[in-house]
Amino acid sequence: MGRLVTFVHVTGNDAVLVLVVATALGFDFTNGFHDTGNAMATSIVTGALRPRAAVAVSAVLNLVGAFLSTAVAATIASGLVDSGDVTLTVVMAGLAGSILWNLTTWFFGIPSSSSHALIGGVVGATMAAAGASAVKWQGLVAKVIVPAALSPFIAGSVAALGTYLIHRITRDVAEGPRAHGFRLGQVGSACMVSLAHGTNDAQKTMGVITLALIANGTLHAGASAPVWVVTCCAVAIALGTYIGGWRVIRALGKGLVEIEAPQGMAAESASAAVILSSTDFGYSLSTTHVATGSILGTGVGRKGAVVRWHIAHRMVAAWLITLPASAMVGALAYLVANGIGGTAGVVVIFAVLVLASIAFFAASRRPAVTPENVNAAWTGSVVPAPPRDEVSP
């Protein structure tokens with residue numbers, strides 16, 4: 001009888017672990033399509049790459065980038081919360097907060113930070129389970145809050161200076177070869193951003209799955225991400241990138257600034273430089289903040305460019321509430337799961353996430369933003385107005 005009870009207990013834990021890993025990979029998928037615009041929005045809007053080709057290239061480079069470093073994964077797994085207070089239920093609840101926030105902002109075309117959604121969800125669930133003392137506040141401030149506050153300004157300044165210099169240096173070059181050269185340069189810099197995104201964002205899910213494996217006793221505290229975790233996360237974020245979050249791509253490419261090829265190259269070069277630098281230092285940077293700061297910087301750096309500051313203010317407001325909002329949802333999800341108890345609680349949270357994902361997808365199809373209309377003229381709405389001949393009398 002004792003052996004039977006032990007067998008059932010182990011089987012139940014393994015089932016919960018499988019659900020948590022599947023949910024983490026689901027988050028990685030949403031991270032991919034939410035952030036495709038960070039790398040490819042400017043290339044798509046200037047015509048340097050066709051929409052489908054852009055997301056395909058970005059997906060491949062995200063896949064490659066995921067294998068290049070594990071510094072950020074280590075920060076997520078051991079630098080933000082005390083792993084001794086983390087259970088599988090806590091990880092599942094944290095993922096619930098991050099996925100729901102990602103889906104909400106994607107639906108409204110707001111390029112918010114998937115990284116901060118994930119961190120907020122995990123921190124909120126941990127606080128609900130073990131109190132504020134389980135959070136490593138110093139690491140949270142140093143590795144997340146400070147980089148989040150500084151990165152848009154750094155990226156924007158680099159992009160503004162780059163845009164000014166590009167226009168000044170190439171002002172006497174004939175328009176034909178100048179445009180051709182900038183398109184090639186923009187493709188190269190967009191590829192660098194995709195590679196950089198893979199090195200930074202794919203690792204965050206690796207860190208969360210590693211945290212779940214430690215909580216389950218499968219790995220010891222301080223262990224690094226196993227190879228199978230790295231491979232699964234790389235594939236998940238690449239698939240999400242290929243799907244393409246067209247609502248966010250449209251908002252980044254058309255909503256903030258009217259971008260030309262020189263600005264696109266300057267924005268992407270600045271983003272790649274800042275993201276790769278942060279990855280090297282193990283900072284869990286928001287690539288969304290960096291890309292948005294770079295795009296705004298190109299508007300500031302080009303004389304006569306129109307910058308839609310009201311759209312930028314809307315995005316900044318979303319950035320400010322991402323951490324607390326995802327933390328609140330993560331904490332609520334933990335309280336629900338823990339109140340139900342055991343495997344059943346985790347299954348309920350998983351079912352809610354599946355139903356919510358289906359509902360968001362169905363709502364986004366009426367009407368949809370697609371590769372065919374992503375570059376339509378900006379009218380203030382995420383979804384373009386239909387062509388005149390398709391408007392009902």
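This report walks through some helix contacts and a few single residues in a predicted model.

## Helix 2 against helix 7

Start with helix 2, residues 51–65, and helix 7, residues 175–215: their axes come within 7 Å and cross at roughly 40 degrees. That angle falls outside the ranges for parallel, antiparallel and perpendicular, so helix 2 and helix 7 count as oblique to each other. As for the hand, helix 2 passes helix 7 in a right-handed crossing.

On the helix 2 side, the contact uses V57, S58, L61, N62, V64 and G65, and these meet C191, S194, L195, H197, G198 and T199 of helix 7. Sorted by class, the residues of this contact come out as five nonpolar, seven polar and no charged.

## Helix 2 against helix 8

Helix 2 also packs with helix 8, residues 227–243. Here the axes come within 8 Å, and the crossing angle is roughly 170 degrees. Angles over 145 degrees count as roughly antiparallel, so that is the label for helix 2 and helix 8.

From helix 2, the residues in play are R52, V55, A56, S58, A59, N62 and L63; from helix 8, they meet A234, V235, I237, A238, T241, Y242 and I243. The class tally for helix 2 with helix 8 is 10 nonpolar, three polar and one charged. If you're following individual side chains, S58 and N62 are worth a look: both are listed in the contact with helix 7, and both turn up again in the contact with helix 8.

## Helix 5 against helix 6

Next up are helix 5 (residues 114–130) and helix 6 (residues 137–169), which pack at an angle of about 155 degrees with their axes 12 Å apart. Helix 5 and helix 6 are therefore roughly antiparallel. Their crossing is left-handed.

Four residues of helix 5, H116, I119, V123 and M127, meet W137, L140, V144 and A148 in helix 6. By class, this contact has seven nonpolar residues, one polar and no charged.

## Helix 11: length and cover

Helix 11 covers residues 287–301, and its length makes a handy sanity check. At 1.5 Å a residue, its 15 residues should span 21 Å; the end C-alpha atoms are 21 Å apart, so the two values agree.

Is helix 11 mostly covered or mostly exposed? Mostly covered: 14 of its 15 residues are buried.

## Two residues in helices 12 and 13

L332 sits in helix 12, which runs over residues 309–340. With a relative accessible area of 54%, L332 is on the exposed side of the 50% cut-off. Between the C-alpha atoms of L332 and A359 there are 20 Å of space, with 27 residues separating the pair along the chain.

V347 belongs to helix 13. Its relative accessible area is 39%, so V347 counts as partly exposed. V347 and M92 are 255 residues apart in sequence, yet C-alpha to C-alpha they are 9.7 Å apart.

## A cis peptide bond after helix 13

Most peptide bonds are trans. The bond from R366 to P367, though, is cis, with omega near -10 degrees. You'll find P367 in the segment after helix 13, the helix that spans 342–364.

How values were computed. Residues numbered from 1 in each chain as written. Predicted model: local features only at pLDDT ≥ 70, side-chain atom pairs only at ≥ 80, totals over all residues. Heavy atoms only, no water. Axes fitted to C-alpha atoms, helices over the stretch in contact; angles between N-to-C directions. Parallel < 35°, antiparallel > 145°, perpendicular 65-115°, else oblique. Left-handed = near helix turned anticlockwise from the far one by under 90°. Contact = heavy atoms within 4.5 Å. Nonpolar A, V, L, I, M, F, W, Y, C, P; charged D, E, K, R; others polar. Expected span 1.5 Å × (residues − 1). Buried < 20%, exposed > 50% of the residue type's maximum accessible area, 1.4 Å probe, protein only.
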